[in-house]
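Open the model in a viewer and keep the selection panel at hand. The stops below go from one contact surface to the next.

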Number of protein chains: 2
Amino acid sequence: MRIATKDKILNTAERLFAERGFTDTSLRLITSHADVNLASVNYHFGSKKELIQAVLRRYLDAFMPLVDEAMQVHLDSAEAPNLNQVFASFAKPLLEMNRIQQHGTAMFLLLLGRGYTDEQGHLRRYITQNFGQTIDKFRQVVSRAYPELSPVDMFWRLHFTLGTVIFTMASSAALRDIAASDYGEKVNIESLIYKVLPYLCAGVGAPIGPLTLD
Amino acid sequence: MRIATKDKILNTAERLFAERGFTDTSLRLITSHADVNLASVNYHFGSKKELIQAVLRRYLDAFMPLVDEAMQVHLDSAEAPNLNQVFASFAKPLLEMNRIQQHGTAMFLLLLGRGYTDEQGHLRRYITQNFGQTIDKFRQVVSRAYPELSPVDMFWRLHFTLGTVIFTMASSAALRDIAASDYGEKVNIESLIYKVLPYLCAGVGAPIGPLTLD
DNA sequence: GTCTATACACCGATAGAC
DNA sequence: GTCTATCGGTGTATAGAC
């Protein structure tokens, strides 16, 4: 059983990434904590960047089937869902990531944000290749909920949505501290998700065209 | 006139950051292009992190007075503005950044995002200390436009908004390429701003409370 | 004060022996 | 698969010259 090394690296890396961020987590720190040799990271993963991607893929592999399932329910339903229902069905898959791993939801979205901005299309290609069908179901469901939205506008608004979620989660620790000290409100990831969903929903469902000033 | 060194570093750094990103722009690259000594960066700015902040501050110093002016107009107006009008008044200040510098708008928002996620509160403190009055005016205007929104909900929704804009701009180059190839739509920064404003506006103006599913 | 040369500790990556 | 040794590169610190 020598595959253990690869998993040891993966688990240790994920824990340290969550604790210290990506740049502050060196390969030497990971390998010393995992009790493996420094060079084994490059042997098993190729590079630090690919290690980060490997950590992300474990999440995607757990997340996407749950989304697929939720979207299928909407597609099988006789009547078209409204946007509220579509977005509400993301809460469970997102929170499920928090169940399989401590800070899993924030970690997942952090990795997603990193992957989306850093690499030039690598992550996007991986997602479309492996979960293209799920993405397509999602687009179909949104289209049923808001038929007037053109494909290109949907493209942009879904990326706005991704951006909102990713940025919020990336800075959620800091923001939650501020909210707690300035407004005396303790917010956990779960309640944050329920705070952001109405925002996203309204954004995607916004009237089409430029702002009207009256 | 020996202040030239500091400005040379600042200008060169900004150009290279825009061209190659932050991590791919080493201090040695900056100083060699600027034709100054490596150590002068630390002498004038203290660290690379603080150099990035210094670049950002030049933008903030240009941006915030324009926002202040726009908010003052709303405050001086006899009747309360609606959210559309409030958000529309951000277009001009944002696009003004593109006039004073090529890719200035994207650069500004990129720096802002970097500053917000990286450092723990440094940038936030700088903004509140130097532009607290402007931020306050903005909050007042939003409050006039949507009085039912509680302070803590406004806090969250404005940060969602910041996240949307920052993430979109951070990945705008890649996203615009995709939009162009997949939907044949050429999008520049200006039209992107007009695409995102309705989304933000609807998000901030979303009904209060959790999603209602019917 | 401003600038320079230089050293330091650390980083990710890799070639090659085992 | 694993390991050692080493490479070129990074941000940072400092002693000392102008």
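Select Lys48(B) and DNA strand D: a backbone N or O atom of Lys48(B) is 2.8 Å from a phosphate oxygen of the strand, a polar contact (a pair of N or O atoms within 3.5 Å; within protein, one must be able to donate a hydrogen and the other to accept it, and residues adjacent in sequence count only if both atoms are side-chain atoms). Next select Leu27(B), where a backbone N or O atom is likewise 2.8 Å from a phosphate oxygen of DNA strand D. At Arg28(B), look at the side chain instead: one of its N or O atoms is 2.8 Å from a base nitrogen of DNA strand D.

This is a predicted model, in which local features need pLDDT of at least 70, side-chain atom pairs count only at pLDDT 80 or more, and totals for chains, interfaces and linings use all residues. Residues are numbered from 1 along each chain as its sequence is written, chains are lettered from A and ligands numbered from 1 in the order in which they are written, and side-chain values use heavy atoms, with hydrogens and water left out.

Now widen the selection to the residues near DNA strand D (a heavy atom within 4 Å of it). There are 15 residues around the strand, and Thr5(A), Asn37(A), Leu27(B), Arg28(B) and Lys48(B) come nearest. By class the surface holds 5 nonpolar, 7 polar and 3 charged residues; Ala, Val, Leu, Ile, Met, Phe, Trp, Tyr, Cys and Pro count as nonpolar, Asp, Glu, Lys and Arg as charged, and the others, Gly among them, as polar. Colour by helix (DSSP runs of H or I, at least four residues, numbered from the N terminus): H3(A) gives the largest share, 3 residues. On the strand side, 57% of the atoms within 4 Å of the protein belong to sugar or phosphate, and the rest to bases.

Move to chain A and colour domain 1 (1–46) and domain 2 (55–204) separately; the bounds come from an automatic or database domain assignment. Their C-alpha centres lie 28 Å apart. The contact (heavy atoms within 4.5 Å) takes 7 residues from domain 1 of chain A and 8 residues from domain 2 of chain A. About 810 Å² is buried between these domains, 65% of it given by carbon and sulfur atoms; buried area is the accessible area (1.4 Å probe) that two parts lose on being put together, summed over both. Select Leu10(A), Glu14(A) and Phe22(A), which lose the most area on the domain 1 side, together 70% of what that side buries.

Which residue forms a salt bridge with Arg58(A)? Glu14(A) does, with the closest N and O atoms 2.8 Å apart; the rule asks for a side-chain nitrogen of Lys or Arg within 4 Å of a carboxyl oxygen of Asp or Glu.

Last, show chains A and B together. Here 51 residues of chain B are in contact with 52 residues of chain A. The two chains bury about 4400 Å² between them, 75% of it on carbon and sulfur atoms. In chain B, select Trp156(B), Phe167(B) and Tyr199(B): they lose the most area to chain A, together 19% of what that side buries. The rule finds 2 salt bridges across this interface, one of them between Asp153(B) and Lys195(A), with the closest N and O atoms 3.1 Å apart. Finish on H9(B), which gives 15 residues, the largest share of the side of chain B that touches chain A.

Methods:
Helix = DSSP H or I, 4+ residues; strand = E, 2+ residues; numbered from the N terminus.
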